[in-house]
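Got the viewer open? Let's take a short walk through this structure, one selection at a time.

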Amino acid sequence: MLKKLLDRFGDKKASEYKNKESEYEAHQHLRTAKGNQSVPNPIRPVFPATNLYEKGYNTPKASPAHTPKPEDIGTPGFEHPPTTGVIYVMDRAVAKGWKYGDKSWGNFGQGAPEVGHIPDAPERPTRLVLQPDEFEYAPVAGLKTLREAVANLYNVRYREGKESKYTWENVCIVPGGRAGLTRMAASIGDANVGFFLPEYTAYEALLTIFKRFVPIPTPLDKDTNYHITPRRLYKEIHDRGLGVVVASNPSNPTGQLIEGDELKEWVDIARTTKTTMVLDEFYSSYIYTHPDEPGKSISSAEYIDDVNVDPILILDGMTKNFRMPGWRVCWIIGPKEYISSMASSGSFLEGGANHPLQQAAIPLLEPSRAHQDAVALQKHFGMKRQYVLDRLAALNMPVVVPPKATFYIWLDLSHLPEPYSNGLTFFEACLDEKMICVPGIFFDINPGKRRDLAASPYQGFVRLSFGPPMDELEKGLDGLERLLKKIGYNH
Ligand SMILES: Cc1ncc(COP(=O)(O)O)c(C=O)c1O
């Protein structure tokens, strides 16, 4: 049935995939992964093995007595959330022999930057001295001193010469980026929430579990370089009645970037249409479009008129831009009124970021140190970006839309022979050569699984991350080279 519809109205490529899906082993793995089968909660018969019958309960008699197995009981009332792309990818890699720290693999699936020393970066702390009060809870919205340090960094970076400045009351500290997104999602009321595809994988579950709002996707495609023009944004808001827009900028996974006058227009549109804009600026320092301005970072904070009026919520933190994913210290910046609801939702969701590392983060946000960090980061990641792009070009795998920012490459597989032009199959074949990547369909955020996997416009893509250190990138690309030779791809 779906096949017929796809043939008639849909994408030709999607229809072909649908035809072949049952032949592709890679697709069968995905369909049967935990959380991906849409099994309705079955009505379970009462388990007959307990002795309640003898005590006069209205239950079946256990005969013969046996002990329950996991499948007899299930998880009553609980559902397995959809498996996020990264978990699925790592589960499959483990199944094919990958182990944490195994140097013979190249993990291009890694959504985190390398964390060791990089040339010219300031020294990183190596020890913590704990004060007695750091054993206490920190405030749910974060330490005031850290909130001040974040506000100051944004004022120095983006609000020089502007009248309206951020204060600590515009900042809420959160225990990681996903916790920040969760706090925001928990505070959204009855609204249409727009987002653009492809988008960061964790948005899927986030936009699914909170049932008050209606998530509305807008797919982007390669013909427009995955670019969201202000006019398109305005049209989506207007035509679909959006109350909130959520977007990663720079974009994970495409590495595209809205900046300058266009970003200013985004902010103007949010203000004019009274639309809350959640801008996930997690990669704001991984910028490659200004080689003449080393260390330049990009944020919508630069284009806000009044920090307590414009309905822009910015998410960022130590995870990527400071290469400290393990610290779980991040922040949301926005008008005071929103920040107060972020603190309230944190008080029942997770209770806030850990106290000692909030304290330890303060000196790292000192503007000149943060600038030095950003300069080193851009140089090092710019070099890795070029290395990966050059090697892909030499393998006749040119990147049509090279990243302007982030540490991701959105790789189009359409010129590869079948079945490797399919991201899932390509991913499994890469694992056999000890190279990990992420199939494009995982960025096809599909809340409530309303659309069929085969109809995804991102079947023919994978995301490659150049987050890991150089030696690992070399290993991974060697693996890719072996694979392309094996399948007879002409290069
Ligand atoms: C766009 C984006 N936002 C948020 C996050 C989540 O960050 P954290 O690991 O701090 O939860 C990520 C991580 O990959 C990301 O890519």
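Before the first stop, one term: two strands count as paired if DSSP finds at least two bridges between them. Keep in mind, too, that this is a predicted model.

**Stop one: a small set of strands.** Select residues 408-412, which are β9, along with 438-439, which are β11. Now add β12, residues 461-465. Together the three strands make an open sheet, ordered β9-β12-β11, with antiparallel pairing. β9 and β11 are the edge strands, each pairing on one side only. Zoom in on β11 and β12: two bridges link them in the antiparallel sense. Which residue of β12 does Val438 stand opposite? Pick Arg463 and you have found it.

**Stop two: two helices.** Next, select α7 (residues 177-187) and α11 (residues 336-349). Their axes are 9 Å apart, and the helices pack at an angle of about 105°. Angles of 65 to 115 degrees count as roughly perpendicular, so that is how α7 and α11 lie to each other. To see the contact, show Thr182, Arg183, Met184, Ala186 and Ser187 on the α7 side. From α11, add Ser341, Met342, Ser345, Gly346 and Leu349. Color this contact by type and you get four nonpolar residues, five polar and one charged.

**Last stop: the ligand.** Select the ligand and the 13 residues around it. Which of them come nearest? They are Gly176, Gly177, Arg178, Ser248 and Thr319. As for the make-up of the shell, seven of its residues are polar, four nonpolar and two charged.

How values were computed: Residues numbered from 1 in each chain as written. Predicted model: local features only at pLDDT ≥ 70, side-chain atom pairs only at ≥ 80, totals over all residues. Helix = DSSP H or I, 4+ residues; strand = E, 2+ residues; numbered from the N terminus. Near = placed C-beta within 6 Å. Nonpolar A, V, L, I, M, F, W, Y, C, P; charged D, E, K, R; others polar. Axes fitted to C-alpha atoms, helices over the stretch in contact; angles between N-to-C directions. Parallel < 35°, antiparallel > 145°, perpendicular 65-115°, else oblique. Contact = placed C-beta atoms within 7 Å.
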